[in-house]
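Trainee: I should be grateful for a close look at a single part of this structure. Please begin with one pair of side chains and work outwards from there to the rest of the chain.

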Amino acid sequence: SFLIPQACCWPMGSSWASCIAQSVMVGSLKAVGLRGSQFLCAGGPLPHLDAAAVSVATDDVITFEPEWAQGFDENSTCPMLAELEAKWDTMNFELKQSTSVDRALTGTALGRNLVDGKFLLPKRSRLRDLLSGIHLVLTVPRMSPADFGCFFGVAQWVLLPNRPMLSCCGTSYHFARAGDTAVQQV
């Protein structure tokens, strides 16, 4: 068994706004008939292979359909998403058309690039920011814990799909948790 640490920073907005957005998204999915067993959760079992599954992160919803493997048209609409968008319409939500993609095998969601429906990769800009931060920490290993926390938030985001790797970051969490603004040795 291994430990999976909790994030000590919020890379996306405030924790309250994230909590409210997540609650509203989960509530709207339940309102259109999704069962709790269909939600992909870090601490829970995988949904049954015959059922559609969803992943919710703040205000993003990603669906996974088992029927997709049977050859649906990439330009068709997922019935669950059509119901969800109708529900959002009754809630006066404004759908951001530029990020609303249905049944795409390649695209961006949750700061990740999905490639050919098989690979999840960090966005190039996040990798660039991470490498730039690593270079800074290695060449000028003096900064405040608060500044280090900002850098480490990017590192956490990149490592998130490999959550067990975050269990190796105890020293980083301890340093960033201090929240001090005084410059010191990292």
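**A helix and its two faces**

Mentor: R128 and D129 are joined by a salt bridge, with their closest N and O atoms 3.5 Å apart. A salt bridge here is a side-chain nitrogen of Lys or Arg within 4 Å of a carboxyl oxygen of Asp or Glu. The structure holds 1 such bridge. Please bear in mind that this is a predicted model, in which local features need pLDDT of at least 70 and side-chain atom pairs count only at pLDDT 80 or more, while totals for chains, interfaces and linings use all residues. Residues are numbered from 1 along each chain as its sequence is written, and side-chain values use heavy atoms, with hydrogens and water left out.

Consider next how open the two partners are. R128 counts as exposed because its relative accessibility is 53%, whereas D129 is partly exposed at 38%. The words have fixed limits: buried means under 20% relative accessible area, exposed means over 50%, and partly exposed lies in between (1.4 Å probe, protein chains only). The areas themselves come from the Shrake-Rupley method with a 1.4 Å probe; for residues, only the protein chains shown count as cover.

Now turn to the helix that carries R128 on its outer face. Helix α3 covers residues 124-139, has 16 residues, and reaches 22 Å from its first C-alpha to its last, close to the 22 Å expected at 1.5 Å a residue. That expected span is 1.5 Å times one less than the number of residues. Helices (H or I, at least four residues) and strands (E, at least two) are DSSP runs, numbered from the N terminus.

Which residues of α3 are buried? They are L130, G133 and V137. Seen down the axis, these residues fall within an arc of 65 degrees, so they line one face of α3. The arc is that of the directions from the helix axis to the C-beta atoms. A general rule helps here: an α-helix has 3.6 residues a turn, so residues three or four places apart point the same way. The cover over the buried residues of α3 includes β6 (142-143) and α4 (145-159); the contacts behind such statements are heavy atoms within 4.5 Å.

The opposite face of α3 carries the exposed residues R124, R128, L131, H135 and L138. Two of these, L131 and L138, join I134 in a nonpolar surface patch with about 320 Å² of accessible area together. Patches are made of residues with over 30% relative accessible area and no salt bridge; like charges are joined within 9 Å, and nonpolar side chains (Val, Leu, Ile, Met, Phe, Trp, Tyr) within 5 Å. I134 also lies in α3, and with a relative accessible area of 34% I134 is partly exposed.

Helix α6 (residues 170-177) offers a second example of two faces. Its buried residues are Y173, F175 and A176. They cover an arc of only 165 degrees around the axis, which puts them on the same side of α6. Among the elements that cover them are β6 and α4, which also help to cover the buried residues of α3. The face of α6 turned away from its buried side bears the exposed residues T171, H174 and R177. Just after α6, G179 takes a positive phi of about 65 degrees.

A positive phi also occurs at N92, about 60 degrees, although N92 is not a glycine. Most residues other than glycine have a negative phi. N92 sits in the loop between α2 (79-90) and β3 (107-109), and its relative accessible area of 68% makes N92 exposed.

Finally, set α3 within the whole chain. The protein has 6 helices and 7 strands, which run α-β-β-α-β-β-β-α-β-α-α-α-β from the N terminus on. Buried residues make up 27% of its 186 residues. Of the contacts with a separation of 6 or more, 57% are between residues 24 or more positions apart. The protein exposes about 12,300 Å², of which carbon and sulfur atoms supply 59%.
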